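I opened a fresh page for this one. Below are my notes, in the order I looked things up.

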Amino acid sequence: MKHFARCATPALATALLLALPACGDAVATTDTLDPSSTTTGGSSTEPGTTDAPTTGAPTTTSDTDDGTASDGDSSTTGEPSTSTTTTTDDTTTSPIECGDGLVEGAEECDDGPDNGPGQACLAGCLLNVCGDGDQGPGEGCDDGNTEGRDGCSAECVSELCGDGVVQAGLGEVCDDGNTDPDDGCSAACLLEACGDGVVQVGLGETCDDGNTDPDDGCSATCVLESCGDGVLTMELGETCDDGNTVSEDGCSETCAIEACGDGVVQAGLGETCDDGNTDADDGCGPTCEVEACGDGVVQAGEDCDDGNAVANDGCSPTCEVEVLSLCGPGQISLLVNEGFESGALAPWTTNGGVTVTMNPHDGVWAAEATNNWYVQQTFAATPVAQLVSADFWTWHDAADNPAMYVEWGYADNTTGNKLYFNEQLSGWVLHDILPLLDPNKSLVRLQVWGYNGGQALPDITRFDSFRLCRNL
């Protein structure tokens with residue numbers, strides 16, 4: 001049985017080759033064989049035609065008697081034979097398609113169906129890289145740039161409070177590598193400090209009022225200000241703060257000054273009374289001690305107060321002047337209060353600033369002048385011839401170049417006197433004037449002056465222990 005080429009019969013071959021492409025060939029050509037053409041191995045070679053694609057289709061052949069075609073052998077009839085050559089172009093380029101899993105042309109990558117956002121290869125077959133705005137595998141963030149300190153680093157690592165890097169662009173002013181509060185850098189990476197309005201116990205704060213002002217209840221170091229902390233906080237109503245809350249030590253448990261006159265008896269301050277003032281002669285003295293006879297202070301209603309309740313010492317237990325004598329047994333004194341032991345001057349008189357002082361020659365009291373003042377006492381006329389003593393003690397500081405004048409008066413209105421100079425006035429000195437008195441007259445007055453105009457020291461004269469004594 002003979003086999004013919006597919007799609008055409010021999011009788012129609014020539015006509016069909018002129019009009020139709022060969023079956024199965026992308027490019028069809030019509031060739032006319034001439035004597036110069038040759039056929040080798042079932043393919044034809046045409047002069048002048050070198051670029052035309054060839055196909056694997058056989059040329060027209062004759063059949064052998066055994067029913068098979070003779071390869072390369074044909075029967076020549078003397079007439080030009082015709083054949084159809086069909087070629088196939090194996091170099092045709094297929095179009096590039098992103099997503100086919102093949103990296104082709106300008107493609108940077110192609111993972112097929114795995115292309116897309118968040119993948120290693122994007123939908124356009126471009127590699128997913130840091131800074132492209134698409135967070136790919138291995139990236140902690142991607143903000144579309146490679147700048148750091150904006151929340152996403154140049155390596156696409158998330159920048160967060162607590163990573164140990166200060167991101168000013170995130171508003172951080174500190175980053176200690178954690179988000180713990182109370183360690184100097186807050187959980188929001190803001191500096192923690194006294195005055196920020198947040199109590200940081202870890203920084204030793206016990207308060208934080210949003211400022212570092214003192215005297216408002218929270219100190220400049222963010223420590224609670226309170227009574228007993230040793231810091232005077234007037235805004236809290238404190239008038240003192242001695243570092244404790246103990247009363248009767250000068251500063252009360254409420255940090256109020258404790259003092260005489262505040263109406264509260266502070267035994268710890270030595271007070272025995274407190275009547276709310278520091279007035280004298282009202283039962284509670286200026287030092288908050290009970291005023292009473294024997295306290296050494298002459299109060300209203302007392303003639304004297306020698307600091308005790310002993311009798312026969314010039315001031316009685318009821319603080320009345322005791323008429324006592326410095327004279328010996330069997331003698332009587334012309335003077336009253338001759339040692340000032342009443343605690344007062346009377347009945348002595350003075351022309352100025354003479355006071356009673358507790359700087360005596362003997363006893364408790366003495367009189368003291370700080371300028372050219374005198375002390376004087378008058379008495380009943382007594383014949384000088386009856387006197388057994390007429391003397392007294394004075395004190396001066398010789399370094400001040402002192403002087404002293406003594407004058408006495410007689411019943412006949414005459415006087416006598418004596419002037420003492422600094423060489424006779426040094427400390428306590430006894431002055432005996434009995435030898436200076438006129439034995440023919442009667443004595444009625446004794447007067448002793450202080451001085452002024454010494455050196456730079458105070459002009460002080462003290463008087464004590466006058467004895468004008470006669471026999472009974």
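I started with confidence, using pLDDT (the predictor's confidence in each residue, from 0 to 100). In the chain, helix 1 (residues 13-19) scores lowest, at a mean of 34, and strand 14 scores highest, at 98. Over residues 1-88 the pLDDT is below 50, yet beyond near neighbours in sequence this stretch has 70 contacts in the model; a contact means heavy atoms within 4.5 Å. The chain average is 81, and 80% of the residues score at least 70.

A note to self on the ground rules. This is a predicted model, where local features need pLDDT of at least 70 and side-chain atom pairs count only at pLDDT 80 or more, while totals for chains, interfaces and linings use all residues. Residues are numbered from 1 along each chain as its sequence is written, and side-chain values use heavy atoms, with hydrogens and water left out.

Next I looked up the secondary structure: the chain has one helix and 15 strands. These are DSSP runs numbered from the N terminus (helices H or I, at least four residues; strands E, at least two).

How are the five strands of the open sheet ordered? I read the order 6-9-14-11-12, with antiparallel pairing; two strands pair if DSSP finds at least two bridges between them. Strand 6 (349-350) and strand 12 (415-420) stand at the edges with a single partner strand each, so one side of each lacks a neighbour in the sheet. Inside the sheet, I followed strand 9 (residues 374-383), which runs antiparallel to strand 14 (residues 442-449) and is joined to it by seven bridges. Thr378 has Arg445 of strand 14 as its bridge partner.

Then I turned to strand 10 (residues 387-396). Seven of its 10 residues are buried, meaning under 20% relative accessible area (exposed is over 50%, partly exposed in between; 1.4 Å probe, protein chains only). Strand 10 pairs antiparallel with strand 15 (residues 461-471) over seven bridges, and with strand 13 (residues 427-432), also antiparallel, over six. I found Thr394 bridged to Phe463 in strand 15 and standing opposite Val429 in strand 13.

My last stop was burial and surface. Buried residues make up 32% of the 472 residues in the chain. Val173 sits in the loop between strand 4 (86-87) and strand 5 (331-333), and I noted it as partly exposed, with a relative accessible area of 49%.
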